[in-house]
Amino acid sequence: MVPASVLLALVSLLATAGVWALTSRETPERSERPEGIERPALRRIEALSALREWDDRRADAWAAGDVAELRGLYVEGSRTGRSDTRMLRRYLERGLVVRGMRTQLLAVRVLHQGSVTMTLDVTDRVSGAQVVGEGIAVPLPRDQASRRRVELQRVRGRWLVVEVRAPSGAG
């Protein structure tokens with residue numbers, strides 16, 4: 001079992017180094033894995049990297065008010081994607097965007113991970129966001145931690161969200 005401090009250091013290193021796992025299209029052979037890291041740890045690192053990259057791209061789209069960019073973060077036909085873009089459009093109609101949105105990942109469990117699909121049980125919260133418009137900047141209320149099941153699909157080398165739902169068995 002890999003100690004938590006080592007896992008966190010590896011996650012930070014990989015996230016900073018360009019997230020090699022996101023561009024890998026095939027499952028690494030045992031000889032290609034960094035020495036001492038087992039497949040479950042690599043799967044968790046890839047999941048964390050994919051989520052961080054996706055959350056950063058979403059925050060950028062909201063800050064820029066870029067509906068097309070936001071829509072591009074979801075697979076075609078995603079109900080979650082339609083809801084997110086509809087909400088951004090409503091903000092834009094009032095001359096507003098959301099800046100400084102940071103998603104804090106509190107817990108991530110890999111439920112399934114294949115070469116093109118991934119299902120995660122995620123607990124997170126959004127912090128630091130503020131609604132910005134002409135002459136206003138209002139901090140959004142502090143978000144509470146939320147648990148969700150996140151389904152992702154790799155499309156042209158990028159992880160896109162299929163749907164985000166309440167976890168199985170949740171009320």
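**A walk through helices, sheet and side-chain pairs**

Let's start with one residue: Tyr74 has a relative accessibility of 7%, so Tyr74 counts as buried. We'll come back to Tyr74 and its partner shortly. Keep in mind that what you are looking at is a predicted model.

Now step back and take in the whole chain. The protein has five helices and seven strands. How do these elements run from the N terminus on? The order is α-α-α-α-α-β-β-β-β-β-β-β, with the helices written out ahead of the strands. Of the 171 residues in the protein, 37% are buried. The contacts tell us something about how the chain comes back to itself: take those between residues at least 6 apart in sequence, and 59% of them join residues at least 24 apart.

Next, the sheet. Four strands make up an open sheet, lined up as S2-S3-S6-S7 with antiparallel pairing. Which strands sit at the edges? Those are S2 and S7, each of which pairs on one side only. Direction ignored, neighbouring strands in this sheet are turned against each other by 35 degrees on average. Zoom in on S3 and S6, and you find an antiparallel pairing that runs over eight bridges. One residue to look for here is Val122, whose bridge partner in S6 is Arg148.

What lies across this sheet? That would be helix H3, which crosses S2, S3, S6 and S7 and runs at about 135 degrees to S2. Helix H3 is a good one to remember, as some of its residues turn up again below.

Back to the aromatic rings, then. A pair of rings is described by how far apart the centres are and by the angle of the planes. Searching the whole structure turns up two aromatic pairs. In one of them, Trp54 and Tyr74 meet edge-to-face, with 5.5 Å from centre to centre and 85 degrees between the planes. The angle is what earns the name, because edge-to-face calls for planes over 60 degrees apart. Trp54 belongs to helix H3, while Tyr74 sits in the loop between helix H4 (67-71) and helix H5 (79-93), so this pair links distant parts of the chain, 20 residues apart. Is Trp54 buried or exposed? With 8% relative accessibility, Trp54 counts as buried, and Tyr74, as we saw at the start, is buried at 7%.

The other pair brings together Trp62 and Tyr91, again edge-to-face, at 5.4 Å centre to centre and 80 degrees between the planes. Trp62 is in helix H3 and Tyr91 in helix H5, so the pair ties together parts that are 29 residues apart in sequence. Trp62 and Tyr91 are both buried. Tyr91 has another neighbour to point out: the charged end of Arg94 sits over the ring of Tyr91, 5.2 Å from the ring centre.

Charged side chains also pair up with each other, and the count of salt bridges comes to seven. One of them joins the side chains of Glu46 and Arg154, with 2.9 Å from N to O. Glu46 is in helix H3 (residues 39-64) and Arg154 is in strand S6 (residues 146-155), so parts that are 108 residues apart in sequence are tied together by this pair. Glu46 counts as buried at 8% relative accessibility, and Arg154 is buried too, at 10%.

Over in the sheet strands, Asp121 forms a salt bridge with Arg109, and their closest N and O atoms are 3.3 Å apart. This pair links distant parts of the chain: Asp121 lies in strand S3 (residues 117-127) and Arg109 in strand S2 (residues 102-113), 12 residues apart. Here burial differs between the partners: Asp121 is buried, at 7% relative accessible area, whereas Arg109 is partly exposed, at 47%. There is also a network of salt bridges, which links Arg109, Asp121 and Arg147.

Finally, have a look at Arg165 and Glu151, whose side chains meet in a salt bridge at 2.2 Å, N to O. Arg165 is in strand S7 (residues 158-165) and Glu151 in strand S6, 14 residues apart, and the pair links distant parts of the chain. Arg165 counts as partly exposed at 36% relative accessibility, and Glu151 is partly exposed at 22%.

Definitions and conventions: Residues numbered from 1 in each chain as written. Predicted model: local features only at pLDDT ≥ 70, side-chain atom pairs only at ≥ 80, totals over all residues. Heavy atoms only, no water. Salt bridge = Lys/Arg side-chain N within 4 Å of Asp/Glu carboxyl O. Helix = DSSP H or I, 4+ residues; strand = E, 2+ residues; numbered from the N terminus. Buried < 20%, exposed > 50% of the residue type's maximum accessible area, 1.4 Å probe, protein only. Phe/Tyr/Trp six-rings, centres within 6.5 Å; stacked < 30°, edge-to-face > 60°. Lys NZ or Arg CZ within 6 Å of the ring centre and 35° of its normal. Pairing = 2+ DSSP bridges. Axes fitted to C-alpha atoms, helices over the stretch in contact; angles between N-to-C directions. Contact = heavy atoms within 4.5 Å.
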